[in-house]
Amino acid sequence: MSTRPARGADPPPGKESAMRVALCQITIGDDPKENLERAREALASAADADLAILPEAALVRFGGDLASMAEPLDGPWVTGLAEAAREHGTAVIAGVFEPASPGRVYNTAVAIDASGALVGSYRKIHLFDAFHDRESEFVDAGDAPVVVELCGTRIGLITCYDVRFPELARALVDAGAEMFAVIAAWAQGPFKEEHWVTMVRARAIENTTWVAAVGKAPDRTAPPRGRPGGVGRSMLVDPMGVVQADLGPSPSVRLAEIDLSLTDQVRKVLPSLSHRRPDLLG
């Protein structure tokens, strides 16, 4: 289980039971500079949050020449996001594209602490080769689940299509994740919104774990190639599967509170993780 550390990490002075999380459901277009400005605006409006979560592909939306826009993690886009995190004292999780093999990219989630330090990154493992899309044509897959520590909390990183794979979420919780951050640019289509809502709640229920899931707001115009993406419906779901916040389809930034002590309370009455049978099922 990798954490890909970089530049430093939050000093954990002591765990707080409550964390204020901002679900930043923003629109994302074809210009990285404009997208960085939207991300900065979202952070400014979420200045009271401990952690702000932005969507997958916040650097630039799918549908353009991603290889020409991808940046290393010390490039101007992530650096600009880190500056905003430091300015507002808010940790951030967001999706970017970083260069991979020639002409290809990694679909990467970055985790930045409140001091602006990049504490970890996760390269999406499961690529969206479904519903007539083929993400693997231009994206290289990652090879390791990642848990990062932000705000004194261990957070498992999940990107979009990953949420359809319960074994990834289980690996993260077994590695000590106390909550999941799911970032997405969920493709539009029949039943897709229902799939999103159902699986985000399922990952919370089966792991008795908080899930903060942030998707981008729906595209206002079609991308250069492909179909419009984004369904919105960013959610905060508690360890019993109760939706504590649902942003609907419109651009929005919502501040919500995670009570980490609730996880222990739920696991006392629903100890399903301890009832597993690895002797039979692996």
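Strand β4, spanning residues 105-112, is mostly covered in this predicted model: 8 of its 8 residues count as buried. The side chains split into two sets along the strand. Val105, Asn107, Ala109 and Ala111 point one way, Tyr106, Thr108, Val110 and Ile112 point the other way, and all of them are buried. Asparagine 107 and threonine 108, then, sit on opposite faces of β4, and both are buried.

What does β4 pair with? On one count, 8 bridges join β4 to strand β3 (residues 91-99), and the two run antiparallel. Within that ladder, phenylalanine 97 of β3 faces asparagine 107 of β4. The connection between β3 and β4 is a hairpin with 5 residues in between, and glycine 103 in that turn takes a positive phi of about 80 degrees. A second antiparallel partner is strand β5 (residues 118-123), joined to β4 by 5 bridges. Here isoleucine 112 of β4 stands across from leucine 118 of β5. This pair is a hairpin as well, again with 5 residues between the strands, and glycine 116 in the turn has a positive phi of about 90 degrees. Strand β6 (residues 139-140) runs parallel to β4, with 2 bridges between them, and valine 105 is set opposite valine 139 there.

Valine 105 deserves a closer look. This residue lies in strand β4, and its relative accessible area is 0%, so it counts as buried. Which residues does valine 105 touch, once neighbours within four places in sequence are left aside? Its contacts include Phe97, Glu98, Pro99 and Ala100, along with Phe138, Val139 and Asp140. Leu66, Ala67 and Ala70 complete the list. Alanine 67 is 38 residues away along the chain, yet its C-alpha atom is separated from that of valine 105 by 5.8 Å.

Turning to backbone angles, two residues other than glycine come up with positive phi. Histidine 132 has a phi near 70 degrees and lies in the loop between β5 and β6. Threonine 208 has a phi near 40 degrees and sits in the loop between α5 (192-207) and β10 (210-215). Is each one buried or exposed? Histidine 132 has a relative accessible area of 85%, over the 50% cut-off, so it is exposed. Threonine 208 has a relative accessible area of 0%, under the 20% cut-off, so it is buried.

As for open space, the largest pocket has a volume of about 590 Å³. Its lining is made up of 32 residues, and those nearest the centre are Phe62, Gly63, Asp133, Phe138 and Arg225. Phe138 is also among the contacts of valine 105. Sorted by class, the lining comprises 14 charged, 12 nonpolar and 6 polar residues.

On the annotation side, an unreviewed UniProt entry lists "domain: CN hydrolase" for residues 19-260. Over that stretch, the chain is 30% strand and 23% helix, and the C-alpha atoms at its two ends are 8 Å apart.

How values were computed: Residues numbered from 1 in each chain as written. Heavy atoms only, no water. Buried < 20%, exposed > 50% of the residue type's maximum accessible area, 1.4 Å probe, protein only. Helix = DSSP H or I, 4+ residues; strand = E, 2+ residues; numbered from the N terminus. Pairing = 2+ DSSP bridges. UniProt positions renumbered as here; feature names shortened; annotations may be inferred. Contact = heavy atoms within 4.5 Å. 1 Å grid on protein atoms, 1.4 Å probe; cavity = no way out; pocket = protein on both sides within 12 Å on 5 of 7 lines; lining within 4 Å. Points joined across faces, edges and corners; volume = space filled by probe spheres on them. Nonpolar A, V, L, I, M, F, W, Y, C, P; charged D, E, K, R; others polar.
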